[in-house]
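The following exercises are to be worked with the sequence and the coordinates at hand. Each task is followed by a solution in steps.

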Amino acid sequence: MLSFISRRALFAAITILIVSAVVFAIFSFLPFDPASLTCGQRCTKQIIAANRIRLGFDKPVYEQYWLFLSGIFAGRTYGSGSAAFTCPAPSFGYSFNENACVTDMLRESLPITISLAVGALIMWLLLGIGLGIVAAKFKNRWPDTSSSVFVLLATSLPTFVTGLFLLIWVTMKWHLVPLSLNGYTSIFDNPWKFCVYFILPWFTLAIAYAAIYTRFTRAALLETLGEDYIRTARAKGVGERVVFFKHTLRAVLAPLVTMAGLDFAGLIGGAIITETIFNLPGLGRLTLRSTYEFDLPVVLATTILAAVVVIVMNLIVDMLYAVLDPRVRIT
Amino acid sequence: MSELLRIEDLHVSFKTDDGMVRAVDGVSLTLNAGETVAIVGESGSGKTVTSLSVMGLHKKGQAEITGSISLSDNGVFKDVVHLSDDEIRDIRGRAVSMIFQDPMSSLHPYYKIGNQLAEGYLVHNPGKKKEAMARAIEMLDLVGIPEPAKRAKEFPHQFSGGMRQRVMIALALMNSPQILIADEPTTALDVTVQAQILALLSKLKKEFNMGILLITHDLGVVAQVADRVNVMYAGRIVEEGPVDDIFYSPLAPYTLGLLKSVPRVSKNNERLKAIPGQPPSLINLPVGCPFAPRCEYKQHSSESGCNTTRPDLLGTSPTHRSRCHVPEKLRSELFAAELKELQA
């Protein structure tokens with residue numbers, strides 16, 4: 001187990017290194033001067049040149065990359081003398097567009113994206129697995145048919161349509177949920193306000209994912225119901241309810257956990273559309289803005305963060321799988 | 001010998017898009033305590049469908065079942081065909097148990113062996129967890145699993161195929177049923193393991209005074225363990241009789257065909273004598289004898305009724321009966337000559 005984790009951690013470190021190097025390289029070789037972003041319209045060549053030196057853009061690419069990497073562990077000081085400023089470790093660089101250390105920007109937006117993703121995950125698991133169970137249990141009867149109508153609708157509606165519909169009808173016409181576009185509150189401060197703030201974004205995301213999970217759960221359950229070991233359970237005299245909710249559902253759990261883990265990781269990378277519609281200042285928005293504005297340090301940081309989340313979630317899923325499926329041994 | 005199971009005029013058909021599939025078409029047979037009765041036939045002959053009917057494992061609405069299957073539940077006879085779901089469930093695993101063909105896939109991969117066995121006991125004896133686990137370990141020991149208490153805590157994938165089939169047998173015996181249905185219990189196993197499993201079944205049959213209904217297509221298995229044999233073809237029994245009669249003086253052309261198609265080690269490298277043609281589709285069975293299109297003995301039929309009427313299950317001996325239009329005397333002479341030639 002320990003060797004498994006340390007080996008995987010090593011692979012993860014290598015992967016992250018490669019990802020960061022690639023992103024770094026892409027932005028370094030663009031025919032574009034990052035130092036020119038540092039001052040506004042009335043910019044002189046001297047200021048740009050000074051800033052270039054201050055931010056280290058004058059150094060060779062590999063040295064810049066090294067400074068970036070060491071900054072993560074040691075923090076980084078830009079410039080010297082009275083103009084010097086420091087981003088403490090872990091420093092992912094300094095964004096001149098926003099005049100802020102990237103780490104602080106991440107610290108602000110990450111809780112929002114995590115809240116969005118976790119809430120949506122819980123919602124779509126409940127909704128998707130629940131509907132999948134109902135559909136499988138009542139195969140080819142009306143609950144199954146109506147769930148497939150839901151699946152069809154939810155998969156064909158893009159999130160920007162469901163999101164806008166929810167905003168227009170639920171908030172503006174029916175006034176069921178108050179409009180709280182700028183009111184992010186931490187769950188630890190005010191759980192109720194937190195839920196009100198996130199309910200519509202959660203729902204928007206959850207609907208899209210729930211459709212996939214409904215279909216998957218239904219298909220997996222029906223397939224498992226045809227397995228030999230289910231027949232064995234029936235032959236033992238086990239009742240239909242136990243056959244379904246114990247023997248069959250148990251077998252479907254492991255692949256569901258895998259799927260959920262990877263989908264969740266994808267969401268942390270940023271639910272750009274949902275965050276935009278509901279004006280959530282999360283990671284997705286941050287990524288989008290920084291890409292538009294060539295804000296290299298932020299792009300680099302969000303990309304690495306997304307890679308880390310995917311890798312860590314993969315690791316967790318693998319370990320969970322070993323817990324859920326006794327045939328899988330992690331060594 | 002006390003009777004444990006009596007199937008009378010069992011019909012099982014399935015509705016499909018192409019029409020009704022008559023999988024079992026008027027099967028009658030009996031099983032007594034301490035006896036092994038074999039049902040032999042090729043794939044699709046209806047032998048597994050028959051056995052699943054005894055367990056009441058056909059889905060209601062999917063299968064149409066008529067006739068009667070009365071089985072002894074501690075001496076009280078119950079007709080499985082007409083029982084409610086709950087009543088059948090109460091019988092399953094307690095009065096009648098079943099061993100399946102593929103031990104690799106018949107055990108739940110996610111639950112420990114001991115728990116899977118114990119569940120079989122708990123279903124019929126709710127709340128007795130300790131007894132259930134003790135019983136599970138006892139049964140594992142009985143079927144020859146070494147260190148049963150330790151192995152009970154392991155998962156199916158830690159067992160070999162033969163060991164898993166032993167576990168399946170242990171599972172079937174958890175509630176000491178009187179009737180054991182073994183559906184191709186050795187088909188998926190190595191030959192050496194096959195013999196062990198068959199020997200184990202015979203031993204347990206004596207110990208529990210069970211009746212075993214053995215479903216198989218393997219004549220070697222039949223010869224080894226069966227007391228009486230029912231040969232099935234296209235959903236019907238075409239020959240029934242004591243095992244020696246079936247092997248030494250078969251009366252149905254199909255049985256003879258099966259015997260002839262068993263590979264033999266002989267000096268002259270002959271080709272295998274397979275039965276020509278295919279078994280008929282069970283949708284829209286032709287009138288007449290279902291075996292007629294493949295039968296080599298049609299010309300000996302005096303009434304030439306092979307293509308127009310279905311033969312009845314008849315015989316000069318009350319224990320050995322068969323379906324064929326060719327007069328029995330002529331048949332036994334013809335077949336005896338062929339068997340002699342085969343053994344030479």
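How many bridges join strand 6 of chain B to strand 7 of chain B, and do the two run parallel or antiparallel? Strand 6 and strand 7 (residues 179-183) of chain B run parallel and are joined by four bridges. The model is a predicted one, in which local features need pLDDT of at least 70 and side-chain atom pairs count only at pLDDT 80 or more, while totals for chains, interfaces and linings use all residues. Residues are numbered from 1 along each chain as its sequence is written, and chains are lettered from A and ligands numbered from 1 in the order in which they are written.

**Exercise 1. Place strand 6 of chain B in its sheet and describe its surroundings.**

Step 1. Identify the elements: helices (H or I, at least four residues) and strands (E, at least two) are DSSP runs, numbered from the N terminus. Two strands pair if DSSP finds at least two bridges between them.

Step 2. Trace the sheet. Eight strands of chain B form an open sheet of mixed pairing, in the order 6-7-8-3-9-10-12-11. Strand 6 (96-99) and strand 11 (313-314) of chain B each have a single partner strand and stand at the edges, so one side of each is left without a neighbour in the sheet.

Step 3. Locate a bridge partner: B:Val96 is matched with B:Ile179 in strand 7 of chain B.

Step 4. Examine the faces. A residue is buried if 20 or more other C-beta atoms, placed from the backbone, lie within 10 Å of its own, exposed if 12 or fewer, and partly exposed in between. Strand 6 of chain B is covered on both faces, with B:Val96 and B:Met98 buried on one side and B:Ser97 and B:Ile99 buried on the other.

Step 5. Move along the sheet to strand 9 (residues 228-233) and strand 10 (residues 236-242) of chain B, which run antiparallel and are joined by six bridges. Here B:Asn230 stands opposite B:Glu240 in strand 10 of chain B.

**Exercise 2. Describe the four-stranded sheet of chain B and the helix that packs on it.**

Step 1. The sheet is open and antiparallel, with its four strands in the order 2-1-4-5. Its edges are strand 2 (19-32) and strand 5 (76-79) of chain B; each has a single partner strand, so one side of each lacks a neighbour in the sheet. From one strand to the next, the twist averages 10°.

Step 2. Strand 1 (residues 3-16) of chain B pairs with strand 2 of chain B in the antiparallel sense over 11 bridges. Within this pair, B:Arg6 stands opposite B:Thr30 in strand 2 of chain B.

Step 3. Helix 1 (residues 47-55) of chain B packs on this sheet and touches strand 1, strand 2 and strand 4 (63-73) of chain B. Its direction makes about 115° with that of strand 1 of chain B. Such angles run from 0 to 180 degrees between N-to-C directions, and axes are lines fitted to C-alpha atoms, for helices over the stretch in contact.

**Exercise 3. Characterise the packing of helix 4 and helix 7 of chain A.**

Step 1. Helix 4 (residues 102-137) and helix 7 (residues 191-225) of chain A pack at an angle of about 35°, their axes being 6 Å apart.

Step 2. The residues of this contact comprise 23 nonpolar, six polar and one charged. In this classification, Ala, Val, Leu, Ile, Met, Phe, Trp, Tyr, Cys and Pro count as nonpolar, Asp, Glu, Lys and Arg as charged, and the others, Gly among them, as polar.

**Exercise 4. Analyse the contact between chain A and chain B.**

Step 1. Two residues are in contact if their C-beta atoms, placed from the backbone, lie within 7 Å. By this criterion, 17 residues of chain A are in contact with 24 residues of chain B.

Step 2. Helix 8 (228-236) and helix 9 (240-268) of chain A each supply at least two residues of the side of chain A that touches chain B. The largest share, seven residues, comes from helix 8 of chain A.

Step 3. On that side of chain A, five residues are nonpolar, four polar and eight charged.

**Exercise 5. Determine the environment of A:Gly71.**

Step 1. A:Gly71 lies in helix 3 (residues 61-74) of chain A.

Step 2. A:Gly71 is buried, with 24 other C-beta atoms within 10 Å.

Step 3. Not counting residues up to four places away in sequence, A:Gly71 touches A:Arg76, A:Ser91 and A:Gly93.
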